[in-house]
Amino acid sequence: MDKHEGRDAGTIRLNDPWYDALAVGWGEGQGEAAAPPHPAPGGRRAPGASDIYLEVQRSAAFQEVRSRYRRFVVPATAGFFLWYVAYVVAATTAPGVMARPVIGAVNVALLAGLGQFLSTFLLTWAYARHARLRRDRAALDLRWTVFEQERGQERSRSREAGR
Amino acid sequence: MTTEHQTLALILFSLFIAVTLGITTWVSRNRHGSAEEFYAGGRLFSPLENGFAIAGDYMSAASFLGISGLIALFGYDGLLYSVGFLVAWLVVLFLVAELVRNCGRFTLADVVAARMSERPVRIAAGISSVTVSVLYLVAQMVGAGSLVGLLLGDSGTAARTLTVVGVGALMVVYVSFGGMRATTWIQIVKAVLLMGGAITLTVLVLLRFHGNFDQLLTSAAERSGHGARFLSPGLKYGGDWTARFDFMSLGLALVLGTAGLPHILSRFYTVPTARAARRSVVWAIALIGGFYLMTIVLGFGAAALVGPDAVRASNASGNTAVPLLAAFLGGGAGSTGGAVLFAFVAAIAFATILAVVAGITLASSASVAHDLYASLKRRHARQRSEVAVARASAVGIGAAAIALGLLAQDLNVAFLVGLAFAVAASANLPVLMYSLFWRNFTTRGAVWSVYGGLVPAVLLVVLSPVVSGSPESLFPGVDFQYFPLQNPGIISIPLGFLAGWLGTVTSAEEADERRHAETEVRALTGAGAV
């Protein structure tokens, strides 16, 4: 489930500081008209919605998703960035080394440049594969958890209000 | 360039506009004018469509004509640009695309302001986004003017002025009527045309050399007059240490700037989920990488077949290398085949500029209406619809860009693009990275990091040889040049990060743990994303 529209989405927004007055398309005139006045920017808001996020953030399932993401992204970013910086520095400070011929007219510089293209394509493929196999499902489950909890909270609140 | 060329190019270009307008009206029937629709095209594009649109948004005339021209003139040093432009996409893919899609609604400021106190952060991010967009926009307008002067014959300044005004007016019409949906479709059509044109020319070049890349390189090196030096770095950036540091600075700005460009960030909001955002970046990387690989063949092909002397004679900075190559491959300057291919390439260049300009205008109108106007308007001011404000600001920004483009007609296009990347990397990237990944980041840190990158970047350019102190500068008569490099990135990017850190550690306010938790959970899982 990628989108939740309609009544549910609307009720989340009512209590959700994420969609503060400015971020919501103001003056759209439809749907948002019912939005309650927003508390002063940066002010405390009612406990509830954000407790769910704190709870989820501390859960083992989320920590696992986060560490999987970081374990891939941190070394990969460091790797390609260093490789790119090394390439630029070598091209500007050591043109002699870069000009050394390898096969025919192809020299070290050309191989290094094509190597940048190749490493970019490979890392893109590896990242997409890693995200698809190791993160997507767990992230979707967590998204559902948050959604369900928010809805549960919403229900109990409206029940109290009705009493 | 004969009148026959001009008529053909004009016909092809009008055809392109007619087709895009047709598609736009067809896809936007039964659509109402909500903010969601105007800024994000209803968030209903597929990853494939968005991937093509990103590629169309990113590959400006500077890439198509500029890089292959640089390769034709300076050999290997032109290739350094394309490597930077491509590798930058790994930053976008790994650190930005999915998280920004999950956290924001329309602009960069949405992501940052979610954790911080709203107004100051939104104003700061809005100002830096508009600055980057206007710089980039002026570069495109100047490019349009000079390109048309070159492609449609030497009809003097009148044709130039007319083109800049015409391109500007067309883009305003597109953006203010069609919003993101029209912009996206023009970018998709343009990307398809651009790839088609590049593939055709590449195949024709390779056929000339019987598929032998080695032979292509050898004859390019021979014809250039530089021999083997043509195939190794140093012809353009190998001078003194100032030139070398200048290139390192540019390289840093290129690789870090892409992730802070507002018109690229806004593209991620046009797909329904973070997964779709990721897949569209994968498509974009495949298209952009493939395109830059082809520009290598085109550049060396132009050097080998047309020759650097003929290229330089037509345009000193090499911008006409690809059109000249097209005319040569079609059978030479006088022939019908040559005229058709030349006109085709010219029409693609037109379309390229129009598409990029539309994308940037839309992104900056979103920054003005969604961030600046919303934060600065008086509390009890008459309620106007946000979309109406965005439409009006698209017209305003279009007018400003036309005026600046006319004023700056003689400014170097590559410099303006490099500057836009440097400002984006200094002002937008640090604040984005800190708010996504740093638990203790505070409001003061966010504001400081935006201004701490923006102000030095702009100031260093004002003090650089670009503005004063050398014969090629903007004001050659005066000399207030105190900074030797043309590109400020190597100084201003670290300053942006430093200012964000400094602002955070010195602020009295504690970082809000709950809001950080919310940002982190939303960013990585997509919970509550629109």
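The radius of gyration used here is taken over C-alpha atoms, and the globule rule is 2.2 Å times the number of residues to the power 0.38. With 530 residues, chain B would sit near 24 Å as a compact globule, and its 23 Å agrees with that. The model is a predicted one, in which local features need pLDDT of at least 70 and side-chain atom pairs count only at pLDDT 80 or more, while totals for chains, interfaces and linings use all residues. For bookkeeping, residues are numbered from 1 along each chain as its sequence is written, and chains are lettered from A and ligands numbered from 1 in the order in which they are written.

Chain B has 20 helices and zero strands (DSSP runs numbered from the N terminus, with H or I over at least four residues for a helix and E over at least two for a strand). Its C-alpha trace spans about 70 × 55 × 45 Å along the principal axes. Of the 530 residues, 65% count as buried, meaning that 20 or more other C-beta atoms lie within 10 Å of the residue's own; 12 or fewer makes a residue exposed, anything in between partly exposed, and C-beta atoms are placed from the backbone. Contacts (C-beta atoms, placed from the backbone, within 7 Å) reach well along the sequence: among those in chain B between residues at least 6 apart, 80% join residues at least 24 apart.

Inside chain B, helix 3 (residues 47–58) packs on helix 12 (residues 274–305) at about 50°, with the axes 7 Å apart. Axes here are lines fitted to C-alpha atoms, for helices over the stretch in contact, and angles run from 0 to 180 degrees between N-to-C directions. That makes helix 3 of chain B oblique to helix 12 of chain B; under 35 degrees would be roughly parallel, over 145 roughly antiparallel, 65 to 115 roughly perpendicular, and the rest is oblique. The crossing of these two helices of chain B is right-handed, with the near helix turned clockwise from the far one by less than a right angle (anticlockwise would be left-handed). Residues that meet there include Phe52(B) and Tyr58(B) from helix 3 and Trp283(B) and Leu287(B) from helix 12.

Two backbone oddities turn up in loops of chain B. Most residues other than glycine have a negative phi. Arg43(B), however, has phi near 55°; it is found in the loop between helix 2 (35–40) and helix 3 of chain B, and counts as buried with 22 C-beta neighbours inside 10 Å. His210(B) also has a positive phi, about 55°, and its place is in the loop between helix 8 (156–208) and helix 9 (213–224) of chain B. His210(B) is exposed, with 8 other C-beta atoms within 10 Å.

As for the two chains together, 60 residues of chain A are in contact with 61 residues of chain B. Helix 5 (108–162) is one of the elements of chain A that supply at least two residues to that side, and its 18 residues are the largest share. By class, this side of chain A has 37 nonpolar, 15 polar and eight charged residues (nonpolar being Ala, Val, Leu, Ile, Met, Phe, Trp, Tyr, Cys and Pro, charged being Asp, Glu, Lys and Arg, and polar the others, Gly among them). Across the interface, helix 3 of chain A and helix 20 (residues 513–525) of chain B pack at about 70°, with axes 11 Å apart, which makes them roughly perpendicular.
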